Amino acid sequence: MTISFAIVLSNYLCSLCRYIHHGSEDTADEFEIVASDGNQQASQTIQITIRPINDQIPQLLDGLITMVTIHEGEEVIITPEILSATDVDTNDKLLHFIVINPPKRGILVRHGVTTTRFRQLDIAEGYFKYKHVSGETGNEAV
Ligand SMILES: [Ca+2]
């Protein structure tokens with residue numbers, strides 16, 4: 001852990017003292033100083049509480065299933081093994097997904113309603129599905 005702590009001394013007076021957080025996800029820090037008159041010393045620990053901000057990008061998990069096979073007219077529950085993400089500064093269950101390229105031969109359903117937006121919690125609870133609705137597909141996968 002690197003802490004940037006700048007002290008500018010001018011005529012033995014601290015005219016500019018700053019604590020600069022290095023951007024980690026740690027929420028607490030501290031440093032100790034000593035005041036001295038040249039003969040005696042008194043020490044003090046300064047504790048810093050760092051309020052986290054949402055500045056990290058969500059990441060899709062490695063090893064997700066990228067192909068699912070169903071029969072015509074069937075539906076499949078999208079499970080966490082198919083779609084799951086994590087974010088170091090957000091509760092993973094509260095992550096939102098937005099479909100930017102919807103399926104052409106089916107619909108995405110959340111809690112029984114067609115949608116293009118859902119939460120990871122919907123996936124965890126089994127409320128997000130793909131449903132095939134376009135009829136005959138022939139022998140080729142779609
Ligand atoms: Ca984030």
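Two strands count as paired if DSSP finds at least two bridges between them. That matters here for strand E9, which turns up in two pairings in this predicted model. With strand E12 (residues 128-132), E9 (residues 106-110) pairs in the antiparallel sense, and 5 bridges hold the register. Gly106 has His132 of E12 as its bridge partner.

The other partner of E9 is strand E10, a short run covering residues 113-114. These two also run antiparallel, this time joined by 2 bridges. Here Arg110 sits opposite Val113 in E10. Just 2 residues lie between E9 and E10, making the pair a hairpin, and His111 in the turn takes a positive phi of about 50°. In a regular strand, side chains alternate between the two faces of the sheet.

Away from these strands, Thr66 falls in the loop that links strand E5 (59-60) to strand E6 (75-77). Is Thr66 buried or exposed? Thr66 is exposed, because 7 other C-beta atoms lie within 10 Å and the cut-off for exposed is 12 or fewer. Thr66 and Glu81 are 15 residues apart along the chain, and 9.2 Å separates their C-alpha atoms.

As for confidence, the chain has a mean pLDDT of 87, with 85% of its residues at 70 or more. Residues 1-12 are another story: pLDDT stays under 50 there, and the model gives this stretch 15 contacts beyond four places in sequence. Where pLDDT is low, the predicted coordinates should not be read in detail.

Notes. Residues are numbered from 1 along each chain as its sequence is written. This is a predicted model: local features need pLDDT of at least 70, side-chain atom pairs count only at pLDDT 80 or more; totals for chains, interfaces and linings use all residues. pLDDT is the predictor's confidence in each residue, from 0 to 100. Two residues are in contact if their C-beta atoms, placed from the backbone, lie within 7 Å. Helices (H or I, at least four residues) and strands (E, at least two) are DSSP runs, numbered from the N terminus. A residue is buried if 20 or more other C-beta atoms lie within 10 Å of its own, exposed if 12 or fewer, and partly exposed in between; C-beta atoms are placed from the backbone.
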